[in-house]
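Me: I would like a close look at one part of this model, followed outward into its surroundings. Please start from a single loop residue and keep the account connected.

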Amino acid sequence: MKIITVMSDEHSYQMMHFINHSILKTPNLDRLAANSIVFDSCYTPCPVCAPARASFISGHYVNRIGTWDNSTPYDGSVPGLSHYLNQHDIPHICIGKTHFHPEGDYQFSHVEFPGYLQKPDIGCFFREKKTGRVGAEKRFEKIGLKTEESYDDKVLQSSLKWLDQHKDEDSWHLYIGFLDPHFPFYVKKENWDYFEALITEVPDELKPPFTSLNDPLNWLRAYFKCENLSEETVRKLLIGYHCAIAELDERIGILLDKLEELSLYDQTIFCYTSDHGEQLGYHGLWWKCTMFEQSAHVPMIVHVPGQTPRRISDPVNLVDWFPTVCEYMNLPIPEQLDGQSLKPYIETGFCSSHQDFSFSEYNAHGIPHGMFMIRWKQYKYIYYCYEQPQLFDLNQDPSENHSLLEQKLAAPEIMIAAEECHKRLLSVCNPYEVDLRARTFQTNTKKELGITAYDTDMADCPVPHPQSVLGNG
């Protein structure tokens with residue numbers, strides 16, 4: 001079996017034309033979705049790059065493999081999908097961003113432009129302070145017109161070349177990692193002109209008051225320096241993000257066209273997903289690192305030749321892709337994975353054996369303690385260590401503006417929903433144990449690296465290795 005997995009960076013599920021988003025240009029994602037299985041409730045295991053990607057390739061939650069933040073990326077010490085396929089003589093090709101450890105062992109059969117994480121992200125070592133991220137404001141300035149070949153252009157061309165050379169082989173897994181629609185936004189003029197004409201003002205949802213913010217989220221807002229952005233800056237950021245999605249979509253279209261040209265489309269599984277979303281100014285926040293829908297809810301579109309297109313509403317997770325690939329490669333699924341195969345959903349639309357919730361966690365920069373999420377039925381439950389949890393009914397309050405647990409006398413069904421969500425959280429982990437383990441690791445690593453000040457130059461600082469609780473890390 002041939003499988004292609006395309007992972008973008010920072011693409012929110014809601015930001016596709018076919019998800020009722022009228023001004024976006026995503027004709028290629030739309031045509032892929034029209035002939036595929038669309039998982040409408042897929043969530044990231046962690047809403048920040050390195051931990052999310054670590055869970056994606058390993059099939060394990062972050063708290064089990066110790067990849068807490070963008071300072072402790074996956075290093076291959078816990079065997080992942082590439083190791084498992086290599087063990088069974090199936091090539092695993094990596095072209096594009098991984099955000100893995102630069103000194104890791106991944107057993108890729110071929111690798112180009114891997115985008116390894118080259119230095120620690122210092123913010124995770126100063127979580128006890130409410131402070132602004134060093135250089136955060138510069139990110140909002142990186143918007144403009146494209147003047148040269150981009151990283152994604154190179155990744156695309158290498159992927160097309162590889163497909164030309166290996167189209168006749170029986171089995172392989174090709175991973176393609178694009179940077180778009182992640183910052184910076186240097187985009188083609190025709191796309192900028194198109195969206196600038198459409199996005200003329202900032203939506204009301206991006207303006208205060210932000211009723212869903214609690215103390216940890218206000219810390220995060222201060223960390224990313226979101227508080228004093230002008231409306232014109234926000235408008236330009238919105239234009240840039242829409243453009244970056246359009247250009248990602250163009251590359252997806254070129255890939256799909258290549259598969260048809262090589263007669264591979266009807267014999268290749270094609271999965272499109274993203275590591276996490278972009279908060280995009282909603283709730284007064286930018287970047288990612290929250291459990292709101294813009295940040296934690298990601299696309300997962302899977303085309304399997306011969307399967308009837310359908311939409312799946314049950315909650316699933318990026319960790320589910322590892323066991324899914326195993327099943328389609330006719331390999332036994334390794335024991336103790338946190339992910340569960342999506343193949344029954346793909347083939348029948350149902351899967352009674354799949355857990356009925358999705359889980360996410362965050363133990364990284366910007367907030368003092370751990371944050372955990374359970375998506376169950378229509379509910380989003382967010383648990384903050386040492387802070388009141390939040391519960392949103394996504395059917396009644398899709399914008400997540402009003403936590404049901406803030407009501408003085410919550411209805412019995414609300415309390416039951418919160419209890420059911422918390423029970424599912426405890427089935428995955430003890431949040432306080434995880435929080436303590438993450439902060440202890442970060443404190444000890446800070447000492448080992450000799451970091452004493454928040455403005456320390458990290459350019460020559462070695463990237464730490466994670467510590468797993470699985471026994472083989």
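Reply: In this predicted model, L318 has a relative accessibility of 0% and therefore counts as buried, the cut-off being under 20%. L318 sits in the loop that links β13 (316-317) to α11 (321-328). Leaving aside neighbours within four places in sequence, L318 is in contact with M7, C42, Y43, T44, P45, F56, T273, S274, D275, V298 and M300. One of these contacts, V298, is 20 residues away along the chain, and its C-alpha atom is separated from that of L318 by 8.8 Å.

The helix that follows the loop is also covered. Of the 8 residues of α11, 7 are buried, so the helix is largely enclosed by the rest of the structure. The buried residues of α11 are W321, F322, P323, T324, V325, C326 and Y328. Just after α11, N330 has a positive phi of about 60°.

F56, a contact of L318, leads to the nonpolar cores. The largest nonpolar core has 82 residues, and W286, Y362, Y381 and L391 have the most contacts inside it. Helix α9 gives the most to this core, with 9 residues. Another core, of 41 residues, lies apart from it and includes F56, along with I57, Y106 and I346.

Two of the residues with the most contacts in the largest core, Y362 and L391, can be followed into strands. Y362 belongs to one covered face of strand β14, together with S358 and S360, while F357, F359 and E361 make up the other side, and all are buried. Strand β14 (residues 357-362) thus has 6 of its 6 residues buried. β14 pairs with strand β15 (residues 371-376) in the antiparallel sense over 6 bridges, and F357 of β14 stands opposite W376 in β15.

L391 lies in strand β17 (residues 390-393), where L391 and D393 point one way and Q390 and F392 the other, all of them buried. β17 runs antiparallel to strand β16 (residues 379-384), with 4 bridges joining the two. K380 stands opposite F392 in β17. The two strands form a hairpin with 5 residues between them, and Y386 in the turn has a positive phi of about 70°. Y381, also among the residues with the most contacts in the core, touches both Q390 and L391 of β17. Its other contacts, not counting residues up to four places away in sequence, include F372, M373, I374, P389 and L405, as well as A418, C421, H422 and L425.

Helix α9, which gives the most residues to the largest core, also packs against another helix. Helix α6 (residues 151-166) and helix α9 (residues 231-261) meet at an angle of about 5°, with their axes 11 Å apart. Angles under 35 degrees count as roughly parallel, and α6 and α9 are therefore roughly parallel to each other. From α6 the contact is made by D152, D153, L156, S159, L160, L163 and D164, and from α9 by R251, I254, L255, K258 and L259. By class, this contact has 6 nonpolar, 1 polar and 5 charged residues. K258 is found in helix α9 and, with a relative accessible area of 11%, is buried. Not counting residues up to four places away in sequence, K258 touches L160, L163 and D164.

How values were computed: Residues are numbered from 1 along each chain as its sequence is written. This is a predicted model: local features need pLDDT of at least 70, side-chain atom pairs count only at pLDDT 80 or more; totals for chains, interfaces and linings use all residues. Side-chain values use heavy atoms; hydrogens and water are left out. Axes are lines fitted to C-alpha atoms, for helices over the stretch in contact, and angles run from 0 to 180 degrees between N-to-C directions. Angles under 35 degrees count as roughly parallel, over 145 as roughly antiparallel, 65 to 115 as roughly perpendicular and the rest as oblique. Contact means heavy atoms within 4.5 Å. Ala, Val, Leu, Ile, Met, Phe, Trp, Tyr, Cys and Pro count as nonpolar, Asp, Glu, Lys and Arg as charged, and the others, Gly among them, as polar. Buried means under 20% relative accessible area, exposed over 50%, partly exposed in between (1.4 Å probe, protein chains only). Two strands pair if DSSP finds at least two bridges between them. A nonpolar core is a set of buried Ala, Val, Leu, Ile, Met, Phe, Trp, Tyr and Cys residues joined through side-chain atoms within 4.5 Å.
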